Amino acid sequence: MSFVAKPMPLSLLLDEAPRRIAAILGAEVASLYLLEGDKDQLVMRGNVGFPRQARGTVRLGIGQGITWTAVERMRPISVVHAAEHERYREFPELDEERFPVFLAAPIIGNGRPLGAIVVQRAGSTAFERRDIELLLALTAPIAVAIRHAHLLDELRDRRQRSGGGTRKVTLPGVPVVAGRALGAIAALRRPATSTLGTRHEHSDKKLLRSAFEMADRALTELQSRADQQGLGKEAAFLSTYVLMIKDQRLKERAFEFITEGRTVAQALGTVAREAARAANGVVGDPFLQERAHDIEDLCDALVMLASPDARAELPSKAVLIGDQLTVFDLLISSRAQPVGVALTERAGVRSRVLLKLLGMPSIVDVVGGFRWASPGDVALLDADHGFLVINPSRAEVASVRALRRKERTATSPLEEGVLGGQNDDGEGYVVTAEDLAGS
């Protein structure tokens, strides 16, 4: 297959190889699995025939599935009724019973497995011997292409790297919102707790009142957006923020501190600390402790809306990295119009919900993101397959930029610039999965 005879961006390989293999073998489904982690997980990174959400999320642990068996034994396995095989692993969301005729072939490079190619089709006729031989032949150039992409081994070869530099590193993750983005790395930030500022009681009260109003509108809109996307249940925690922003006692306490001579940042910081002390005073009450964190999150956002802290400002059009995404980030960080978000393995359920509401290319479970990336590094976020490529090659950058003219203008889901996302002629931009499908 001449397609993989020359070096190419990993994203292009994962897009095109399954499509072409399916066409060559007359299969309805073709999947490309990569061996990741400590060689203990097979992850579907490329696919044609299954829903897009399968890429990066369908994973096989040691000993799971026919595909793992093929990799373990380093030989192809062909079955007519996959579900009847003793090592069959079902993924209900794929509705695989439609394609019971199954062929898996390991991808081997330098005498060790790198992953597998799986083809499936409907009917009850097994793949012929020549099909098996052809698929095995196709794995060889794909192995070369994977090795050329420096995938996975970068982590093992350069464990001492502390961030920065120019060497390309590819970090796998789990896609949350599909799309591809290119921009400079920026770490998610919060306002400094030591912010003092200059006190002007009248203007401070006016700024704080305006901040409460902006946050109220934004949170209400976020809640509505969650309902529209069918995320009402998962995003139920937003109702807590709406209640807090409308809580007259919280407002009155903040204004009271300003009247006493404190700045906006000091007043809101004191409100947050009072909530934390109250929560810690009730030993072992997780609800109050979570509520205290929510109040702190909201107070930080109000500080930035009322009196921005330059130390917490983010560069525009960046790929953001961090441990978690919070409501603060949807209210504040998003105003810098980031093009994508990559979070570490510490990202929880809330972060995933907020990423969906943010609606830009994003992945989670990126291991070692802070160790390998430094602010200012160029990054390619491929949320179609689930990769963060730090210092991508010129070919990879060019492949994304070539699609820029097809870029659709993103629109802000919140009013008055509280939540950004629109694109212009700046350096950062987003390429959606739909754009790629049409190219």
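Which residues of strand 7 point one way, and which the other way? In this predicted model, Val169 and Leu171 point one way from strand 7 (residues 169-172). Thr170 and Pro172 point the other way. All of these residues are buried. Strand 7 is joined by four bridges to strand 14 (residues 387-390). The two strands run antiparallel. Within this pair, valine 169 stands opposite isoleucine 390 of strand 14.

A separate set of strands, numbered 1 to 6, forms an open sheet. The order is 3-2-1-6-5-4, and the pairing is antiparallel. Strand 3 (59-61) and strand 4 (77-79) are the edge strands, each pairing on one side only. From one strand to the next, the twist averages 20°. Helix 1 (residues 10-25) packs on the sheet. This helix touches strand 1, strand 2 (41-48) and strand 6. The direction of helix 1 makes about 70° with that of strand 2.

Within the sheet, strand 5 (residues 101-109) pairs with strand 6 (residues 112-121) in the antiparallel sense. Nine bridges make up this pairing. Phenylalanine 102 stands opposite glutamine 120 in strand 6.

Glutamine 120 also bears on valine 29, through a contact between the two residues. Valine 29 belongs to strand 1 (residues 29-36). The C-alpha atoms of valine 29 and glutamine 120 are separated by 5.0 Å, although the residues lie 91 places apart along the chain. With neighbours within four places in sequence left aside, the contacts of valine 29 also include Asn47, Val48, Gly49 and Phe50. Phe99, Val118 and Val119 are in contact with valine 29 as well. Valine 29 counts as buried because its relative accessibility is 0%, and the cut-off for buried is under 20%.

Helix 3 (residues 129-148) lies across strand 1, strand 4, strand 5 and strand 6. The helix runs at about 40° to strand 5. At 1.5 Å a residue, the 20 residues of helix 3 should span 28 Å. The end C-alpha atoms are 30 Å apart, which agrees. The buried residues of helix 3 are Asp131, Leu135, Leu138, Thr139, Pro141, Ile142, Ala143, Ala145 and Ile146. These buried residues pack against helix 1, strand 1, strand 5 and strand 6.

Methods. Residues are numbered from 1 along each chain as its sequence is written. This is a predicted model: local features need pLDDT of at least 70, side-chain atom pairs count only at pLDDT 80 or more; totals for chains, interfaces and linings use all residues. Side-chain values use heavy atoms; hydrogens and water are left out. Buried means under 20% relative accessible area, exposed over 50%, partly exposed in between (1.4 Å probe, protein chains only). Contact means heavy atoms within 4.5 Å. Two strands pair if DSSP finds at least two bridges between them. Axes are lines fitted to C-alpha atoms, for helices over the stretch in contact, and angles run from 0 to 180 degrees between N-to-C directions. The expected span of a helix is 1.5 Å times one less than its number of residues.
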